[in-house]
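Hi,

Here's the structure I promised you. Have a look at it first, then read on for what turned up.

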Amino acid sequence: MLATSHRRSHRSRRYPSDTSDAQWAIIEPLLPTPGRLAGRGGRRAVHCRREIVDAILYVVDNGIKWPALPADFPPWSTVYNYFAAWESAGATQSLLDGLRDRARLAEGRRAAPSAGSIDSASVKAAETVSADSRGFDAGKKINGRKRHIAVDTLGLLICVLVTGAGVQDRVAARTLLARLKYLCPSIRLIWADGGYTGTLLNWAQALFGFTIEIVTKLAGQTGFVVLPRRWVVERTLAWINQHRRCVRDYERLPQHHEAIVRWAMIHTTSKRPTRD
């Protein structure tokens with residue numbers, strides 16, 4: 001599995017997105033075990049994992065192109081190779097899962113949640129996104145992609161699915177719920193909005209044992225209103241959009257946009273157990 005040598009990073013912590021020592025103490029044990037780089041003829045990597053993580057978080061937080069990484073980070077191609085390899089190996093999801101468990105325990109909750117929420121948000125796509133992986137959201141008037149997320153009751157991300165923006169929530173939810181069941185089998189109750197009604201409710205109950213409760217808008221509601229349960233997942237979507245790389249979709253592969261979303265929530269979640 002891809003990883004780096006034990007060499008310590010001597011790069012000074014100078015950017016807001018850099019991991020603090022407390023964050024790194026939590027993140028480091030959750031990363032792949034140090035070893036040799038795959039496909040490099042057996043050569044050991046020369047950049048420590050903290051440098052790689054800080055570089056990825058810099059891209060996600062600031063929304064820059066990979067080649068625009070500041071010179072005090074490792075070469076952008078090295079950082080991107082780690083980003084892609086960790087995602088391919090499932091290490092990014094494992095890191096997110098471990099951080100969420102620790103954040104929940106720090107809040108006095110059980111590590112495995114029993115309830116959560118699902119929702120979606122459409123984002124505009126850049127010209128780098130191919131036509132076959134994008135779509136048009138007629139309701140939001142957005143040409144791009146849609147990210148569908150499932151979170152726990154604290155709003156911490158469990159899983160994400162990226163589709164074309166034209167895919168209906170109740171259709172994408174079948175794949176999203178399958179991921180949710182695989183990653184978090186303890187979930188039993190899910191809150192969702194009116195976009196998830198129909199045959200999905202019985203399907204989810206019969207196949208996965210999920211009870212989906214629909215939280216509807218208030219009678220006569222106009223504009224934004226904080227609704228019970230739904231505000232949690234809507235806040236998570238706002239947390240994700242605080243990272244500039246997530247405001248617009250630049251990724252050629254939907255899987256890489258999913259990875260960017262995971263890294264955004266890794267950044268957010270890793271701060272929770274370290275708060276004063």
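Let's start with Leu95, which touches Ile27, Leu30, Leu31, Trp263 and Ile266, leaving aside residues up to four places away in sequence. Keep in mind that this is a predicted model.

Leu95 also belongs to the largest nonpolar core, which has 44 residues. Along with Ile56, Leu69, Trp86, Ile149 and Trp263, Leu95 is among the residues that touch the most other members. Plenty of elements chip in: helices 1, 2, 3, 4, 7 and 9, plus strands 3 and 4, each supply at least two residues of this core. Which helix gives the most? That's helix 2, with eight residues. Apart from this core there's another one, made of 20 residues, including Ile158, Cys184, Tyr196 and Ile212. As general background, nonpolar side chains in soluble globular proteins tend to be buried together.

Now scroll along to helix 6, residues 200-208. Leu200, Ala204 and Phe208 are buried there. Looking down the axis of helix 6, you'd find its buried residues within an arc of 35°, so they line one face of the helix. The spacing is a nice textbook point: an α-helix has 3.6 residues a turn, so residues three or four places apart point the same way. Asn202 and Ala206, on the other side of helix 6, are exposed. And what covers the buried residues? Helix 5 (169-183) and strand 6 (211-214) are among the elements that do.

One last detail: right after helix 6 comes Gly209, which has a positive phi, near 75°.

Cheers

Technical notes: Residues numbered from 1 in each chain as written. Predicted model: local features only at pLDDT ≥ 70, side-chain atom pairs only at ≥ 80, totals over all residues. Heavy atoms only, no water. Buried < 20%, exposed > 50% of the residue type's maximum accessible area, 1.4 Å probe, protein only. Helix = DSSP H or I, 4+ residues; strand = E, 2+ residues; numbered from the N terminus. Arc of directions from axis to C-beta. Contact = heavy atoms within 4.5 Å. Core = buried A, V, L, I, M, F, W, Y, C linked by side-chain atoms within 4.5 Å.
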